[in-house]
Amino acid sequence: MDWALFAIFLAACGAAATTGSMFMPGAWYRALSKPSWTPPDWVFPVAWTVLYLSSAVAAARVAPLEGAAYGMAFWAMQIAFNTLWTPVFFGLRRIRAAFFIMLGLWIAVAGTMLAFFQLDWIAGALFVPYLIWVSIAGALNASVWMRNPSEATQPAK
């Protein structure tokens with residue numbers, strides 16, 4: 001694996017992760033009605049750390065390969081949607097808008113995974129947990145939207 005490529009992809013993941021520390025859930029999120037299957041707060045940073053590391057490794061494996069253009073385009077798309085979701089959900093408190101960003105993220109992660117599988121089975125496999133996590137996060141976002149309709153489009157106060 002090219003460690004310089006890994007560092008570049010990890011830096012992109014770090015930029016996305018920074019939005020998580022800039023837009024913390026806080027009292028507003030704790031006050032929302034959430035389903036009983038909502039993961040505990042400590043799970044989120046642990047899961048995202050593993051997913052970001054896996055994503056960077058997968059991208060570093062695929063980037064130098066012939067025919068990687070679509071996979072890398074999907075990778076760029078997923079990191080962009082990933083970066084956007086947190087400020088929209090926690091910063092702007094736009095639950096409904098965040099759900100549609102999550103749909104874009106899900107499509108981008110699925111596209112990345114499928115494109116990576118065609119080039120490097122390990123890279124594709126590294127994206128399977130990410131797709132599972134984004135599926136859970138999307139279901140959680142949808143549930144919070146449905147349980148809190150008056151909060152779904154309200155701007156941050």
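What follows is a short walk through some helices, a nonpolar core and a few individual residues in a predicted model.

A good place to start is the pair α4 and α5. The axes of these two helices come within 8 Å of each other and cross at roughly 160 degrees. Since angles over 145 degrees count as roughly antiparallel, that makes α4 roughly antiparallel to α5. The crossing itself is left-handed. Sorted by class, the residues in the contact between α4 and α5 come out as 21 nonpolar and six polar, with no charged ones.

Between the two helices sits a loop, and R93 is found there, after α4 (69-91) and before α5 (95-119). Now for a little backbone geometry. Most residues other than glycine have a negative phi. R93, though, is not a glycine and still has a positive phi, near 60 degrees. As for its surroundings, R93 is partly exposed because its relative accessible area is 24%, and that label covers values from 20% up to 50%.

Moving along to α5, the helix that holds L105, the picture changes. L105 has a relative accessible area of 3%, and anything under 20% counts as buried, so L105 is buried. Which residues does L105 touch, once its neighbours within four places in sequence are set aside? The contacts are Q78, F81, N82, Y130 and V134. Take V134 from that list: it is 29 residues away from L105 in sequence, yet the two C-alpha atoms are 7.6 Å apart in space.

Next comes the largest nonpolar core, which has 44 residues. Within this core, the residues that touch the most other members are M72, W75, F89, F116 and F127. Several helices chip in: α1 (3-22), α2 (26-31), α3 (43-62), α4, α5 and α7 (128-147) each supply at least two residues. Which helix gives the most to this core? That would be α5, with 10 residues. M72 makes a handy close-up. Leaving out its neighbours within four places in sequence, M72 is in contact with F9, A59, V62, A63 and F116. F116 is thus a contact of M72, and both are on the list of residues touching the most other core members.

Last of all is R30, which is found in helix α2. Is R30 buried or exposed? Its relative accessibility is 57%, and the cut-off for exposed is over 50%, so R30 counts as exposed. R30 and D41 are 11 residues apart along the chain, and their C-alpha atoms are separated by 10.0 Å.

Terms used
Residues numbered from 1 in each chain as written. Predicted model: local features only at pLDDT ≥ 70, side-chain atom pairs only at ≥ 80, totals over all residues. Heavy atoms only, no water. Helix = DSSP H or I, 4+ residues; strand = E, 2+ residues; numbered from the N terminus. Buried < 20%, exposed > 50% of the residue type's maximum accessible area, 1.4 Å probe, protein only. Axes fitted to C-alpha atoms, helices over the stretch in contact; angles between N-to-C directions. Parallel < 35°, antiparallel > 145°, perpendicular 65-115°, else oblique. Left-handed = near helix turned anticlockwise from the far one by under 90°. Nonpolar A, V, L, I, M, F, W, Y, C, P; charged D, E, K, R; others polar. Contact = heavy atoms within 4.5 Å. Core = buried A, V, L, I, M, F, W, Y, C linked by side-chain atoms within 4.5 Å.
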